[in-house]
Amino acid sequence: MSTSLAESDPPTNTRLSIGAVEAQLKPEFPEVTISKIRFLESEGLVTPHRTPSGYRQFSPADVGRLRYVLAAQRDQYLPLKVIKDHLDAIDRGLEPARPEARMPAALHAAEAPTPREFATGTEIRMTRAELLVHSGLSATSLAELEQFGLLAAGPGGYFDADAAHVASTSAELLAVGLEPRHLRSFRTAADREATLITQLVSAQARQRDPDARERAGAEAAQLAATVLRLHSQLVKAGLRRDLGR
């Protein structure tokens with residue numbers, strides 16, 4: 001990742017509107033939106049020029065900073081605070097610290113989903129027959145998972161990407177001897193944790209500025225990743241204790 005982000009103030013005719021910046025970044029970062037760019041600006045990651053009437057004008061250096069931020073989130077799963085520290089170091093002519101050095105190697109074993117994995121993905125619509133083929137579930141097992149609230153069809157009877165992931169993961173657990181009724185506790189725990197996280201970010205989501213929901217979503221994803229990391233650590237510690245390891 002290049003560290004040459006700073007450059008002299010460009011002529012006005014080389015500056016881009018926020019819509020043009022979104023269009024330029026979209027091929028490399030399909031998840032980027034105008035709201036996301038405004039959010040990154042509000043967090044101090046980029047500071048575009050403002051016209052007297054308040055319109056944003058992004059220089060090539062601004063676009064470079066946004067590309068750096070988006071790549072660091074996508075490829076290294078770095079939180080915005082760390083990315084901002086990297087940019088500050090680059091602005092001062094320094095090499096940003098390597099993220100691997102921030103955590104002892106022994107602790108990397110406690111893996112969990114990253115905030116990026118909570119972003120909206122590609123929309124899919126699976127029929128019941130397609131879901132059965134994709135997951136390997138039997139029709140009976142799928143019906144029981146629905147009965148116990150682990151997944152449900154959406155409008156038109158189609159299943160979305162979340163349902164497909166739940167079905168596939170459930171099939172792996174059923175294959176080793178668990179039953180759908182055993183998985184109901186996972187649904188209950190997940191709903192409880194999701195409700196807790198929603199409560200933590202709800203006040204921010206209700207703010208009136210246009211970037212409030214983007215900020216709330218980013219914070220919720222970070223909190224969810226942290227909650228699941230804690231869950232992963234506790235499960236691993238329990239297994240080591242119970243198995244005498």
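# A walk through the helices

Start by selecting Ala129, which sits in helix H5 (residues 128–135). This is a predicted model, so keep that in mind as you click around. Is Ala129 buried or exposed? It counts as exposed, because its relative accessibility is 52% and the cut-off for exposed is over 50%. Now add Ala139 to the selection: the two alanines are ten residues apart in sequence, and their C-alpha atoms are 8.7 Å apart in space.

**Zoom out**

Show the whole protein chain as a cartoon. You should be able to pick out nine helices and two strands. Going along the sequence, the pattern reads α-α-β-β-α-α-α-α-α-α-α. Of the chain's 245 residues, 32% count as buried. Take the contacts between residues at least 6 apart in sequence, and 60% of them join residues at least 24 apart.

**Select 60–76: helix H3**

Next stop is helix H3, with 17 residues. From its first C-alpha to its last it reaches 23 Å, close to the 24 Å expected at 1.5 Å a residue. How many of the 17 residues of H3 are buried? Twelve are, so the helix is mostly covered. Colour the buried ones to see them: Ala61, Asp62, Val63, Gly64, Arg65, Leu66, Tyr68, Val69, Leu70, Ala71, Ala72 and Gln73.

What covers the buried residues of H3? Turn on helix H1 (18–25), H2, strand S1 (49–50), strand S2 (56–57) and helix H4 (80–91), which are included in the cover. Just past the end of the helix, click Tyr77: H3 is followed by this residue, and its phi is positive, near 60 degrees.

**Stay here for the largest nonpolar core**

As a rule, nonpolar side chains in soluble globular proteins tend to be buried together. In this model the largest nonpolar core has 24 residues, and Leu25, Leu40, Phe58, Leu66 and Ile83 touch the most other members. Elements giving two or more residues to this core are H1, H2, H3 and H4. Which of them gives the most? H3 does, with seven residues.

Show Ile83 as sticks and look at its surroundings. Leaving out residues up to four places away in sequence, Ile83 touches Leu45, Tyr68, Val69, Ala72, Gln73 and Leu78. Another core, of 15 residues, lies apart from the largest one; select Met126, Phe159, Ala167 and Leu183, which are among its members.

**Select 34–42 and 212–242: H2 against H9**

Now show helix H2 (residues 34–42) together with helix H9 (residues 212–242). Their axes come within 9 Å and cross at roughly 80 degrees, which means H2 is roughly perpendicular to H9. Which residues meet where H2 and H9 touch? On the H2 side pick Ser35, Lys36, Phe39 and Ser42; on the H9 side pick Glu214, Arg215 and Ala218. Coloured by type, the residues of this contact split into two nonpolar, two polar and three charged.

**Last stop: Val201**

Finish in helix H8 (residues 184–205), where you will find Val201. Val201 counts as buried because its relative accessible area is 7%, against a cut-off of under 20%. What does Val201 touch, not counting residues up to four places away in sequence? Its partners are Ala216, Glu219, Ala220 and Leu223. To round off, draw a distance between the C-alpha atoms of Val201 and Gly217: these residues are 16 apart along the chain, and the separation is 8.1 Å.

Notes: Residues numbered from 1 in each chain as written. Predicted model: local features only at pLDDT ≥ 70, side-chain atom pairs only at ≥ 80, totals over all residues. Heavy atoms only, no water. Axes fitted to C-alpha atoms, helices over the stretch in contact; angles between N-to-C directions. Helix = DSSP H or I, 4+ residues; strand = E, 2+ residues; numbered from the N terminus. Parallel < 35°, antiparallel > 145°, perpendicular 65-115°, else oblique. Contact = heavy atoms within 4.5 Å. Nonpolar A, V, L, I, M, F, W, Y, C, P; charged D, E, K, R; others polar. Buried < 20%, exposed > 50% of the residue type's maximum accessible area, 1.4 Å probe, protein only. Expected span 1.5 Å × (residues − 1). Core = buried A, V, L, I, M, F, W, Y, C linked by side-chain atoms within 4.5 Å.
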